[in-house]
Amino acid sequence: MDWTPTISELSGPRYQRIVEAMEADIAAGRLVRGQQLPTQRALAKALGIDLTTVTRAYTEARRRGIMEARVGQGSFVSETSARRAVDLPHPVAIDLSMNVPPHPLEAQLDERIIAGLEAIRAQSGLTAFLNYQPPGGSAHEREVAARWMRTRVPHAHADKLVIFPGAQTILFNLLAHLARPGDVILTEALTFPGIKAAAAQLGVKLVGVAMDDGGVLPDALAKACRTQRPKAVYLIPTLHNPTTATLAPERRSAIAKIIRDADTMLIEDDAYGLLDRSASPIANLIPERTYLATTLSKCIAPALRVAYLLTPDSGAQRQMRGHLQATVQMPAPLMVALATHWLETGVADRIIAAIRNEAVGRQQLAQRALKGFQFQAKPAAHHLWLHLPEGRPDVAAHLLRNGLAIVAGDAFTVDGTSPHAARVSLGAARNRSELSEALRILVGVLQKPADIRQIV
């Protein structure tokens with residue numbers, strides 16, 4: 001037996017001590033992802049305790065998400081540490097619709113959250129962050145964030161930066177700042193549903209611009225700028241949602257020139273940029289015309305609700321802080337304090353590296369499972385863009401009847417023309433075992449003839 005926990009030095013019920021010992025050994029590296037655990041009977045014999053205690057311990061470990069049971073194989077250390085099973089709407093059993101980052105054990109999120117909050121408590125106390133704070137972050141928090149961003153965006157400075165509670169709040173406030181009802185904002189022909197929702201609420205008109213596998217087409221963008229006279233252009237140039245397209249350097253340069261010549265502004269959604277550091281933001285080419293939104297939602301965790309907006313100048317920064325104060329007052333101070341601590345100590349970069357590596361592993365798994373099917377993907381993306389077989393418009397609905405949720409292409413269209421494709425969010429699976437099962441279901445449905453899948 002490879003693992004026998006030491007529980008004599010711990011307090012509390014025996015089953016809890018086993019679980020706590022398991023968590024401690026995972027954190028210390030004595031247990032690693034995917035490692036097989038002893039059978040319940042073998043562990044009970046080794047510890048000299050009854051079987052029901054070990055059964056209760058294994059049940060609790062599964063509930064906490066640190067262990068998983070595989071039918072016919074046994075119990076294993078989970079590949080992820082942060083995502084417990086949640087109540088899903090019927091009939092969803094596996095949800096690959098939300099584009100969220102995976103949480104591998106190597107990210108050590110549980111331990112780092114606890115350690116980070118303890119460091120904050122020791123330095124200034126937690127209650128210091130339970131009152132109103134300056135909208136957009138304190139000078140120190142903005143300086144730490146700007147310093148961290150300067151590795152990719154050299155012109156990032158605290159007096160041009162605003163800390164927001166998530167990128168969606170940034171987008172809503174930017175549209176309210178740059179446009180009025182009826183004004184035009186250009187986007188890629190397929191775009192993030194969040195910008196569609198914000199525009200609909202504000203009465204702003206989105207106009208989609210043609211794109212190919214490499215992203216938005218410069219010639220089409222130039223023509224749209226001439227005919228539409230947009231107040232701004234909204235783009236996701238790196239690991240585009242939903243297609244994963246990443247603009248090449250030459251195309252980024254062409255787009256920067258088009259925006260400058262059109263005398264308009266760029267809203268650059270850099271949600272996935274930290275997963276592909278080889279891609280330099282367009283903001284580096286036209287900093288005076290770019291609002292660059294960087295969020296921790298896709299590279300660490302969405303519920304942190306911490307995002308950074310780099311504005312063109314200090315005047316625009318003050319205006320955006322005013323918009324923030326008028327809408328949501330401020331981001332959650334304790335979450336900003338934790339994120340700032342992680343940025344300052346280098347922990348954030350270590351978490352991002354672990355999540356990036358897990359994303360690569362999941363993409364490799366998908367590449368093998370979907371061999372023979374047409375899809376777009378990038379090595380570190382959390383999702384892929386799957387082209388559905390012709391003549392099968394019901395694939396997403398049929399998958400849902402099989403317990404698997406993905407997002408059909410019409411959620412991303414700007415002009416209402418629905419592509420025969422769907423986004424599959426690989427990071428949403430709780431672990432690679434669940435992802436493998438989801439991909440098995442997906443392939444099974446794709447391989448079935450349309451007349452067999454049709455419900456009459």
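The exercises below, each followed by a worked solution, go through parts of one predicted model.

The model being predicted, local features are given only at pLDDT of at least 70 and side-chain atom pairs only at pLDDT 80 or more, while totals for chains, interfaces and linings use all residues. Residues are numbered from 1 along each chain as its sequence is written, and side-chain values use heavy atoms, with hydrogens and water left out.

**Exercise 1. The sheet**

Work out in which order the seven strands of the open sheet lie, and which of them are the edge strands.

Solution. Begin with the terms: strands (E, at least two residues) and helices (H or I, at least four) are DSSP runs numbered from the N terminus, and two strands pair if DSSP finds at least two bridges between them. The order is then S4-S12-S11-S10-S9-S5-S6, with mixed pairing. The edge strands are S4 and S6 (205-209), each of which pairs on one side only. Neighbouring strands are turned by 20° against each other on average, direction ignored, where angles run from 0 to 180 degrees between N-to-C directions and axes are lines fitted to C-alpha atoms, for helices over the stretch in contact.

Next, take the pairings at the two edges. Strand S4 (residues 161-164) runs antiparallel to S12 (residues 307-310) and is joined to it by four bridges, with Phe-164 opposite Ala-307. Strand S5 (residues 184-188) runs parallel to S6 and is joined to it by five bridges, with Thr-187 opposite Gly-208.

**Exercise 2. The faces of S4**

Decide whether the residues on the two faces of strand S4 are buried or exposed.

Solution. Buried means under 20% relative accessible area, exposed over 50%, and partly exposed in between, with a 1.4 Å probe and protein chains only. On one side of S4 stand Leu-161 and Ile-163, on the other Val-162 and Phe-164, and all of them are buried, so that both faces are covered.

**Exercise 3. Two helices**

Describe how helix H12 (residues 347-369) packs with helix H14 (residues 432-447).

Solution. First, the angle between the two helices is about 30°, and their axes are 10 Å apart. H12 is therefore roughly parallel to H14, since angles under 35 degrees count as roughly parallel, over 145 as roughly antiparallel, 65 to 115 as roughly perpendicular and the rest as oblique.

Then list the contact, which means heavy atoms within 4.5 Å. Among the residues that make it are Glu-358 and Leu-365 of H12 and Leu-439 and Val-443 of H14.

**Exercise 4. Backbone exceptions**

Find where the backbone has a cis peptide bond, and which residues other than glycine have a positive phi.

Solution. As background, most residues other than glycine have a negative phi, and most peptide bonds are trans. The cis bond joins Asn-241 and Pro-242, with omega about 25°, and Pro-242 is found in the loop between strand S9 (232-235) and helix H9 (249-261).

As for phi, Arg-229 has a positive value of about 45°; this residue lies in the loop between helix H8 (218-228) and S9 and is exposed, with a relative accessible area of 70%. Asp-263 has a positive phi near 55°; Asp-263 lies in the loop between H9 and strand S10 (265-269) and is exposed, with a relative accessible area of 57%.
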